[in-house]
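Subject: Handover of a structure and notes on it

Dear colleague,

Please find below the sequence and the structure that I am handing over to you. My notes follow directly after them, and I would ask you to read the two side by side.

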Amino acid sequence: MKTLIKKAFEDSDSTYGYRRVHTQLHRWGVAAGLVLIRWLMRELGLEPCQPKPRRFGLTQGALGP
């Protein structure tokens, strides 16, 4: 089970969290609960990288000549 979780996580370029890993394992025909997958990912030290929120300019530049 751990090897499949690790493979699904690495195939996603370390972006999948436990919910998406659960869905991928379900597609592969592996029956496992969300809690078990979350627990095993934590045990393996797999932490998804979260994209940083977009930051828009806080000040507006002068418009015009």
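The protein has 3 helices and 0 strands, and along the sequence its pattern reads α-α-α. Please keep in mind throughout that this is a predicted model. Of the 65 residues in the protein, 20% are buried. The protein exposes about 5,600 Å², and carbon and sulfur atoms supply 54% of that area. Among the contacts with a separation of 6 or more, 58% are between residues 24 or more positions apart.

The nonpolar core

Which residues form the largest nonpolar core? This core has 11 residues, namely I5, A8, F9, V21, L25, V30, A32, I37, L40, M41 and L46. Each of the helices α1 (2-11), α2 (18-27) and α3 (34-44) supplies at least two residues of the core. One core member, L46, may be examined in more detail. When its neighbours within four places in sequence are left aside, L46 is in contact with I5, K6, F9 and M41.

Helix α2

The buried residues of α2 are V21, Q24 and L25. Seen down the axis of α2, these buried residues fall within an arc of 100°, so they line one face of the helix. A general point about helices is useful here: an α-helix has 3.6 residues a turn, so residues three or four places apart point the same way. The buried residues of α2 pack against α1 and α3. The face of α2 that is turned away from the buried side carries the exposed residues R19, R20, H26 and R27.

Two residues of α2 deserve a closer look. Is Q24 buried or exposed? Q24 has a relative accessible area of 15%, and because buried means under 20%, Q24 counts as buried. The side chain of Q24 also makes a polar contact with the side chain of R27, at 2.9 Å. The other residue, T23, lies in helix α2 as well, and T23 is partly exposed at 35% relative accessibility. The C-alpha atoms of T23 and L34 are separated by 9.3 Å, the two residues being 11 residues apart along the chain. Just after α2, G29 takes a positive phi of about 90°.

Helix α3

In α3, the buried residues are I37, L40 and M41. Seen down the axis of α3, they fall within an arc of 100°, so they line one face of the helix. What covers these buried residues? The cover includes α1 and α2. On the other side of α3, V35 and R42 are exposed. Just after α3, G45 takes a positive phi of about 80°.

Salt bridges

How many salt bridges does the structure hold? The structure holds 2 salt bridges. In one of them, E43 pairs with K2, and the closest N and O atoms are 2.3 Å apart. This pair links distant parts of the chain, since E43 is in helix α3 and K2 is in helix α1, 41 residues apart. E43 is partly exposed, with 42% relative accessibility, and K2 is likewise partly exposed, with a relative accessible area of 35%.

A salt bridge also joins the side chains of K7 and D11, at 2.9 Å from N to O. K7 and D11 both lie in helix α1 and are 4 residues apart, which is about one turn of the helix. K7 counts as partly exposed, at 43% relative accessibility.

Where to begin

As you go through the model, I suggest that you start from the core, to which α1, α2 and α3 each supply at least two residues. You may then turn to the buried residues of α2, which pack against α1 and α3, and afterwards to the buried residues of α3, whose cover includes α1 and α2. The salt bridge between E43 and K2 can be viewed last, as a link between helix α3 and helix α1.

Yours sincerely,
A colleague

How values were computed: Residues numbered from 1 in each chain as written. Predicted model: local features only at pLDDT ≥ 70, side-chain atom pairs only at ≥ 80, totals over all residues. Heavy atoms only, no water. Core = buried A, V, L, I, M, F, W, Y, C linked by side-chain atoms within 4.5 Å. Buried < 20%, exposed > 50% of the residue type's maximum accessible area, 1.4 Å probe, protein only. Contact = heavy atoms within 4.5 Å. Salt bridge = Lys/Arg side-chain N within 4 Å of Asp/Glu carboxyl O. Arc of directions from axis to C-beta. Areas by Shrake-Rupley, 256 points an atom, 1.4 Å probe, with all protein chains shown as cover. Polar contact = N/O pair within 3.5 Å; in protein donor to acceptor, adjacent residues only side chain to side chain.
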